[in-house]
Amino acid sequence: AFRIKESDGVWEVYRRNSATDALPPLPPGTKYVRIHVSGDFDTWDYIFNWIKLVKKNPQTSFFGYTRSWRVPALVEILEELRDQPNVQLFASMDDLDTPGAVGWRRAWLVGANGMPARFSAGRSWDGVPMYPCPEETGRKASCQECKYCVTGKRNDVLFSVHSGEA
């Protein structure tokens, strides 16, 4: 498990960031924002601040993946964030989540908990088409070139487990 030691240089930044739900303003001209490269939504106020930031920046496209859709106290506010026209928010899924996240676009993690046996013909257990990540499969050079998770409006996305994630 990842642990931050008090002696690490990041400890003070981690402590400050964890003590507030505030978000910094976006630099002018920002086109795309990935919400969380690591981490997740953990409080109602934090999610509400994302909604305010999203609304304040309608020219910016936001996207992210969350496992917090499983937290009943956060579902309603996550739905509000997800409903913003410039947001694509995916429910992060693995084989243990079936049949969760009804109505959400989902990001499936293949290779976790024996998932490959659960899928057939590019569809999830409930028949929704799954789009294998073009960057991971080599069809696109990068996420920046692809933009499916930012601009796509339907279907689930299929990601591979990276070493150490399963």
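These exercises, each with a worked solution, concern a predicted model.

**Exercise 1. The sheet**

Work out the order in which the strands of the open sheet lie, and find which strands are at the edges.

*Solution.*
- Start with the order. The open sheet has 6 strands, arranged β1-β2-β3-β4-β6-β5, and the pairing is parallel.
- Now find the edges. β1 and β5 (130-132) each pair on one side only, which makes them the edge strands.
- Add the twist. On average, neighbouring strands are turned by 25 degrees against each other, direction ignored.
- Check one pair. β1 and β2 run parallel and are joined by 4 bridges. Here Val 33 stands opposite Phe 62 in β2.
- Place the helices. α2 packs on the sheet and touches β1, β2 and β3, with its direction at about 155 degrees to that of β2. α3 also packs on the sheet, touching β3 and β4; its direction makes about 135 degrees with that of β3.

**Exercise 2. Strand β3**

Decide how many residues of strand β3 (residues 87-93) are buried, and trace which strands it pairs with.

*Solution.*
- Count first. Buried means under 20% relative accessible area. In β3, 7 of the 7 residues are buried, so the strand is largely enclosed by the rest of the structure.
- Sort the side chains. Val 87, Leu 89, Ala 91 and Met 93 point one way; Gln 88, Phe 90 and Ser 92 point the other way.
- Take one partner. Strand β2 (residues 61-66) runs parallel to β3, joined by 5 bridges. Tyr 65 stands opposite Phe 90.
- Take the other partner. Strand β4 (residues 105-110) pairs with β3 in the parallel sense over 4 bridges. Met 93 has Trp 108 as its bridge partner in β4.
- Follow the connection. β2, helix α3 (residues 72-82) and β3 make a right-handed β-α-β unit.

**Exercise 3. The nonpolar cores**

Identify the residues that touch the most other members of the largest nonpolar core, and the element that gives the most to it.

*Solution.*
- Begin with the members. The largest core has 24 residues, and Phe 41, Ile 47, Trp 50, Phe 62 and Leu 81 touch the most other members.
- Trace the sources. β1 (32-35), α2 (44-56), α3 and β3 each supply at least two residues. α2 gives the most, with 6 residues.
- Zoom in on Phe 62. Beyond its neighbours within four places in sequence, its contacts include Val 33, Ile 35, Trp 50, Leu 53, Val 54 and Val 87.
- Look for another core. One of 11 residues lies apart, with Tyr 65, Leu 109, Cys 133 and Val 150 among them.

**Exercise 4. Salt bridges and strand β6**

Find the 2 salt bridges and say where their residues lie.

*Solution.*
- Recall the principle. Side chains of opposite charge can pair when their charged atoms come close.
- Take Glu 79 and Arg 82. Their side chains meet at 2.7 Å, N to O. The two are 3 residues apart in helix α3, so about one helical turn separates them. Glu 79 is partly exposed, at 23% relative accessible area.
- Take Asp 156 and Arg 106. This salt bridge also has an N to O distance of 2.7 Å. Asp 156 lies in strand β6 (residues 156-160) and Arg 106 in strand β4, so the pair ties together parts 50 residues apart in sequence. Both residues are buried.
- Finish with Ser 160, also in β6. Ser 160 is partly exposed, at 38% relative accessibility. Ser 160 and Leu 109 are 51 residues apart in sequence, but 5.7 Å apart in space, C-alpha to C-alpha. Leaving aside neighbours within four places in sequence, Ser 160 is in contact with Leu 109, Val 110 and Glu 136.

Notes: Residues are numbered from 1 along each chain as its sequence is written. This is a predicted model: local features need pLDDT of at least 70, side-chain atom pairs count only at pLDDT 80 or more; totals for chains, interfaces and linings use all residues. Side-chain values use heavy atoms; hydrogens and water are left out. Buried means under 20% relative accessible area, exposed over 50%, partly exposed in between (1.4 Å probe, protein chains only). Two strands pair if DSSP finds at least two bridges between them. A crossover is right-handed if, with the strands pointing away from the viewer, the path from the first strand over the helix to the second runs clockwise. A nonpolar core is a set of buried Ala, Val, Leu, Ile, Met, Phe, Trp, Tyr and Cys residues joined through side-chain atoms within 4.5 Å. Contact means heavy atoms within 4.5 Å. A salt bridge is a side-chain nitrogen of Lys or Arg within 4 Å of a carboxyl oxygen of Asp or Glu. Axes are lines fitted to C-alpha atoms, for helices over the stretch in contact, and angles run from 0 to 180 degrees between N-to-C directions.
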